[in-house]
Structure formats: C-alpha cells, structure tokens
Amino acid sequence: MAVKVHIHTTHRQFTNGLEVVAVEGSTVGECLNQLIKQFSGMEKALFAKKDKLLNNVEVYVNQASAYPNELVKPVKDGDEIHLIIMLAGG
C-alpha cells in the first residue's frame, strides 16, 4: 500500500530536499514510522516523545484534518498525508 507523505518546507532538510515521500502503512502512525525509518532526522522534527506529536505539527489526510487522533487515523493505498508545521514569529 503506497501512501504519499508531503513534507513541510522546513523539514525537507531531513529528507534530502524531497517534497513527497512514498511510505507503506494502514494508519498515519505507521506511515510516519516508515518515514522515520527512511529519514531518522524526522523523528525529532515531528515527535515530542514516542506516540506524541509536537504541538506545532498538524496532520491532514487527503486535505482533511486528522485531529484529534492523528496517529490512529486509517489510510489506504493512494491516500496523501500532509505534514503542516505551525510557525510563529513576530
């Protein structure tokens, strides 16, 4: 099962500049684990601790918010996950 993960611009440094990475999995959490296996730097960019996303990370599946249980949200072949990073500044 191929799922596309769209990488936020600020995190492309961890994916060698790739905007989209193909992964396998039946939930968002499984797909993110596959992403981390390919690009280990993504773990600290996405997770505060195991199974807990950082507060500034938003997950969308097929352009719909996966909140509040992002990691257990089911995905299927052809789905697209978008990782959005909430930025703040002044």
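A residue counts as exposed when its relative accessible area is over 50%, as buried when that area is under 20%, and as partly exposed in between. By that rule Asn 16, with a relative accessible area of 71%, is exposed. The structure described here is a predicted model, and the points below go through its largest pocket, its salt bridge, some backbone features and a few individual residues.

**The largest pocket**

- The largest pocket holds about 150 Å³ of space, and its lining is made up of Asp 51, Lys 52, Leu 53, Leu 54, Asn 55, Val 57, Glu 58, Tyr 67, Glu 70 and Leu 71.
- Two strands, E4 (52-53) and E5 (57-61), each contribute at least two residues to the lining of this pocket.
- By residue type, the lining divides into five nonpolar residues, one polar residue and four charged ones.

**Glu 70, a residue of the pocket lining**

- Glu 70, which is one of the residues lining the largest pocket, sits in the loop that runs between strand E6 (64-65) and strand E7 (80-85).
- Although Glu 70 is buried, it has no salt bridge, and the nearest side chain of opposite charge, that of Lys 52, is 8.1 Å away.
- That distance explains the missing salt bridge, because such a bridge needs a side-chain nitrogen of Lys or Arg within 4 Å of a carboxyl oxygen of Asp or Glu.
- When neighbours within four places in sequence are left aside, Glu 70 is in contact with Val 28, Leu 53 and Val 59, and of these Leu 53 is also listed in the pocket lining.

**The salt bridge**

- The structure holds one salt bridge, in which the side chains of Asp 79 and Lys 76 meet at 3.3 Å, taken from N to O.
- The two partners differ in their exposure, since Asp 79 is buried with a relative accessible area of 7%, whereas Lys 76 is exposed with a relative accessible area of 51%.
- Both partners are also in contact with Val 3, whose contacts are described further below.

**Backbone features**

- The peptide bond leading from Tyr 67 to Pro 68 is cis, with omega near 10°, and Pro 68 has its place in the loop between E6 and E7.
- Tyr 67, on the other side of that cis bond, is among the residues that line the largest pocket.
- Asn 16 is not a glycine, yet it has a positive phi of about 55°, and its place is in the loop between E1 and E2.
- Gln 63, another residue other than glycine, has a positive phi near 65°; Gln 63 is found in the loop between E5 and E6 and, at 68% relative accessibility, counts as exposed.

**Val 3 and His 11**

- Val 3 lies in strand E1 and counts as buried, because its relative accessibility is 1%.
- Leaving aside neighbours within four places in sequence, the contacts of Val 3 include Val 21, Ala 22 and Val 23, as well as Gly 25, Cys 31, Val 75 and Ile 81.
- Val 3 and Asn 16 are 13 residues apart in sequence, and their C-alpha atoms are 19 Å apart in space.
- His 11 lies in the loop between strand E1 (3-6) and strand E2 (20-23), and it is buried, with a relative accessible area of 8%.
- Not counting residues up to four places away in sequence, His 11 touches Met 42, Ala 45, Leu 46 and Ile 85.
- One of these, Leu 46, is 35 residues from His 11 in sequence, and the C-alpha atoms of the two are 9.1 Å apart in space.

**Two partly exposed residues**

- Asn 33 is found in helix H1 (residues 28-38) and is partly exposed, with a relative accessible area of 36%.
- The C-alpha atoms of Asn 33 and Val 75 are separated by 14 Å, while the two residues are 42 residues apart along the chain.
- Glu 24 lies in the loop between E2 and H1 and, at 42% relative accessibility, counts as partly exposed.
- Between Glu 24 and Leu 35, which are eleven residues apart in sequence, the distance from C-alpha to C-alpha is 8.8 Å.

Key: Residues are numbered from 1 along each chain as its sequence is written. This is a predicted model: local features need pLDDT of at least 70, side-chain atom pairs count only at pLDDT 80 or more; totals for chains, interfaces and linings use all residues. Side-chain values use heavy atoms; hydrogens and water are left out. On a 1 Å grid over the protein atoms alone, a cavity is a set of points where a 1.4 Å probe fits but cannot get out, and a pocket is an open set with protein on both sides within 12 Å along at least five of seven lines; lining residues have an atom within 4 Å of a point. Grid points are joined across faces, edges and corners, and a volume is the space filled by probe spheres set on the points. Helices (H or I, at least four residues) and strands (E, at least two) are DSSP runs, numbered from the N terminus. Ala, Val, Leu, Ile, Met, Phe, Trp, Tyr, Cys and Pro count as nonpolar, Asp, Glu, Lys and Arg as charged, and the others, Gly among them, as polar. Buried means under 20% relative accessible area, exposed over 50%, partly exposed in between (1.4 Å probe, protein chains only). Lys and Arg count as positive and Asp and Glu as negative; His and the chain ends are not counted. Contact means heavy atoms within 4.5 Å.
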